[in-house]
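The exercises below go through one protein-DNA model step by step. Try each task on the displayed structure before reading its solution.

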There are 2 protein chains.
Amino acid sequence: MGTSALAGDPGLDRLLMKMRARDIVDAREEDVLRDSVAEVRESRAGRIIIRAGAMIGGCTLLLDGLVCRYRDLADGQRQIMELHVAGDFLDLHSFLLKRLEHHVGAMTPVRYAIVPHQRVREITERHPHLTRLLWFQTLLDAAIHRERIISVGRRSAVGRIAHLLCEMFVRLEIVGMTDGNRYALPLTQGDLADATGLTSVHVNRMLKRLRDEALLTFRGGQVAIHDWDRLQRVAEFDPAYLYLERLPR
Amino acid sequence: MGTSALAGDPGLDRLLMKMRARDIVDAREEDVLRDSVAEVRESRAGRIIIRAGAMIGGCTLLLDGLVCRYRDLADGQRQIMELHVAGDFLDLHSFLLKRLEHHVGAMTPVRYAIVPHQRVREITERHPHLTRLLWFQTLLDAAIHRERIISVGRRSAVGRIAHLLCEMFVRLEIVGMTDGNRYALPLTQGDLADATGLTSVHVNRMLKRLRDEALLTFRGGQVAIHDWDRLQRVAEFDPAYLYLERLPR
DNA sequence: CGTTCCGTTGACGGCATTCAAGGTCCGTGG
DNA sequence: CCACGGACCTTGAATGCCGTCAACGGAACG
């Protein structure tokens with residue numbers, strides 16, 4: 001597939017790893033995906049990649065970096081709804097929604113690929129199984145959203161943070177981006193607060209508690225998990241919502 | 001379409017109203033949907049319709065009644081993630097997820113139709129546009145989830161309740177189930193608390209405040225909105241996330 | 001070498017929870 | 001007919017988790 005803008009890029013491979021953790025993706029489907037990429041772009045940390053309300057012509061596949069979906073409220077508060085890592089589509093839902101009600105912002109320098117909506121549309125016309133695989137990815141986002149609702153709705157402050165860090169560990173493990181019990185999560189404590197519905201001050205205290213209780217360390221954008229079992233219990237983390245079963249979809 | 005189990009049922013018509021608020025659904029697609037229904041079932045208030053973790057063979061379309069998706073936590077707390085009204089698919093996502101990580105429970109007596117996964121699969125093989133319309137419905141659920149994350153994460157207690165009651169008004173209006181500024185929402189204050197991440201005691205106080213400020217009345221499962229503009233402002237409610245535009249999808 | 005962003009910690013305050021008691025409504029059965 | 005129980009609503013008082021305000025330290029950067 002020499003025409004691909006992505007030949008050998010690890011970003012697309014990570015998407016395939018995510019998909020193959022849940023179903024079979026055959027070589028032809030892989031080629032279709034590779035050939036669907038129109039171009040690769042970059043952006044700097046702090047930039048908005050996709051602006052809320054803007055009409056969108058293509059879906060964005062994150063190749064490298066950390067990204068979040070968020071919205072700002074009238075009083076200046078911010079809520080991060082989801083974090084995205086390499087291999088994630090940032091806005092596959094834009095294919096049918098046409099515009100988004102939230103921003104998509106880069107937390108780090110990022111590289112991403114564009115898949116024009118027209119190509120996705122062609123996939124829905126010609127490749128039913130691949131269509132279902134893409135649909136499935138958006139259902140995964142929704143399941144992650146639901147878990148976040150539970151976190152901010154009912155979990156304690158430590159629980160929320162612990163849960164988020166458990167989730168990111170598992171999601172990064174799927175795409176081969178963990179290093180033993182450690183992984184990179186280049187966020188500030190303020191970002192973590194916006195993702196968990198807390199304040200940065202309180203996040204700071206809860207991180208200290210998690211450290212003191214030898215559950216995990218979060219420092220300099222690096223997470224080290226010291227006691228996975230106890231952490232999971234504190235977070236009430238059950239990875240069932242990530243649907244890590246290879247089933248025909 | 002005399003073979004349909006649903007000939008003339010208002011439940012399926014409500015699904016069509018939802019879809020037609022966002023795109024065109026032609027007569028052939030309407031027939032395909034009608035013919036996809038295998039059977040109609042009923043259930044009593046308080047019953048679980050779909051149990052978390054169970055393998056699922058068909059999708060459920062709510063014809064009548066009020067339903068919620070929820071999960072219970074270890075300490076007995078409950079979080080409701082979404083409310084469903086007639087015309088909503090309760091578990092279209094089960095088509096690809098195969099099982100759900102949350103329960104689906106009846107808040108009132110309900111009637112619902114079953115669409116076997118096999119039929120949905122056939123739609124994805126033969127009817128790309130109808131497939132996109134179904135996919136779109138699941139994306140709408142995700143958008144509603146995101147709005148709930150913002151509510152429980154960052155909105156005040158009054159704001160959360162106000163927002164939920166704004167949302168239900170608009171969603172019920174789409175399917176023709178409002179009566180001027182009033183609509184039926186047969187929930188207890190405890191249910192409302194589980195949906196907003198509050199306690200029933202506090203919900204009670206906030207409802208009193210909304211009443212005292214002449215914004216809305218919630219009593220006996222009936223909502224009456226007295227000042228939509230001010231309520232919208234209190235809730236910071238912007239219906240953009242419901243994607244009420246007729247666009248080719 | 002000042003500026004800025006981030007992390008850390010303490011004191012205080014407030015919103016929501018918890019605990020508790022009493023009220024209403026309604027279906028059930030004596 | 002009415003006593004009774006149960007589910008839900010209402011309200012007050014006390015508690016507590018998390019937020020706000022504030023000050024300071026360190027690291028990165030221009």
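**Exercise 1. A loop residue**

Which residues does B:Arg51 touch, not counting residues up to four places away in sequence?

Solution. Some conventions come first. This is a predicted model, in which local features need pLDDT of at least 70, side-chain atom pairs count only at pLDDT 80 or more, and totals for chains, interfaces and linings use all residues. Residues are numbered from 1 along each chain as its sequence is written, chains are lettered from A and ligands numbered from 1 in the order in which they are written, and side-chain values use heavy atoms, with hydrogens and water left out.

Step 1. Locate the residue: B:Arg51 sits in the loop between strand E2 (48-50) and E3 of chain B. Helices (H or I, at least four residues) and strands (E, at least two) are DSSP runs, numbered from the N terminus.

Step 2. List its contacts, where contact means heavy atoms within 4.5 Å. With residues up to four places away in sequence left out, B:Arg51 touches B:His102 and B:His103.

Step 3. Check a remote pair. B:Val175 is 124 residues from B:Arg51 in sequence, and their C-alpha atoms are 27 Å apart in space.

**Exercise 2. The three-stranded sheet of chain B**

Give the strand order and name the edges.

Solution. Step 1. Two strands pair if DSSP finds at least two bridges between them. The order is E1-E7-E3 in chain B, in an open sheet with antiparallel pairing.

Step 2. Strand E1 (39-43) and strand E3 (58-64) of chain B each have a single partner strand, so they stand at the edges and one side of each is left without a neighbour in the sheet. Ignoring direction, neighbouring strands here are turned by 35° against each other on average.

Step 3. Look at one pairing. Five bridges link E1(B) to strand E7 (residues 110-116) of chain B in the antiparallel sense. Within E7(B), B:Ala113 is the residue opposite B:Val40.

Step 4. Add the helix. Helix H4 (residues 117-126) of chain B lies across E3 and E7 of chain B and runs at about 55° to E7(B). For such angles, axes are lines fitted to C-alpha atoms, for helices over the stretch in contact, and angles run from 0 to 180 degrees between N-to-C directions.

**Exercise 3. The four-stranded sheet of chain B**

Repeat the analysis for the other sheet.

Solution. Step 1. Four strands of chain B, in the order E2-E6-E4-E5, form an open antiparallel sheet. E2 and strand E5 (78-84) of chain B are the edge strands, each pairing on one side only. From one strand to the next, the twist averages 35°.

Step 2. Strand E4 (residues 67-72) and strand E6 (residues 103-106) of chain B run antiparallel and are joined by four bridges. B:Arg69 has B:Val104 in E6(B) as its bridge partner.

Step 3. Helix H5 (residues 128-154) of chain B lies across E4 and E5 of chain B, at about 135° to E5(B).

**Exercise 4. The two copies**

How large is the turn that lays chain B on chain A?

Solution. The turn is 180°, with a shift of 0.0 Å along the axis and an RMSD of 0.0 Å. The two copies are thus related as by a two-fold rotation axis. Superposition is by least squares on the C-alpha atoms of residues with pLDDT of at least 70 in both copies.

**Exercise 5. The DNA strands**

Which residues come nearest to DNA strand D, and which to DNA strand C?

Solution. Step 1. A residue is near a strand if one of its heavy atoms lies within 4 Å of it. Around DNA strand D there are 15 residues, of which A:Thr199, A:His202, A:Arg205, B:Gln189 and B:Asn204 come nearest. Around DNA strand C there are also 15, with A:Gln189, A:Asn204, B:Thr199, B:His202 and B:Arg205 nearest.

Step 2. Find polar contacts (pairs of N or O atoms within 3.5 Å; within protein, one must be able to donate a hydrogen and the other to accept it, and residues adjacent in sequence count only if both atoms are side-chain atoms).

- The side chain of A:Arg205 has an N or O atom 3.0 Å from a base oxygen of DNA strand D.
- For B:Arg205, a side-chain N or O atom is 3.2 Å from a base nitrogen of DNA strand D.
- In A:Gln189, a side-chain N or O atom is 2.6 Å from a phosphate oxygen of DNA strand C.

Step 3. Assign elements: H8(B) gives the largest share of the surface near DNA strand D, four residues, and H8(A) the largest share near DNA strand C, four residues.
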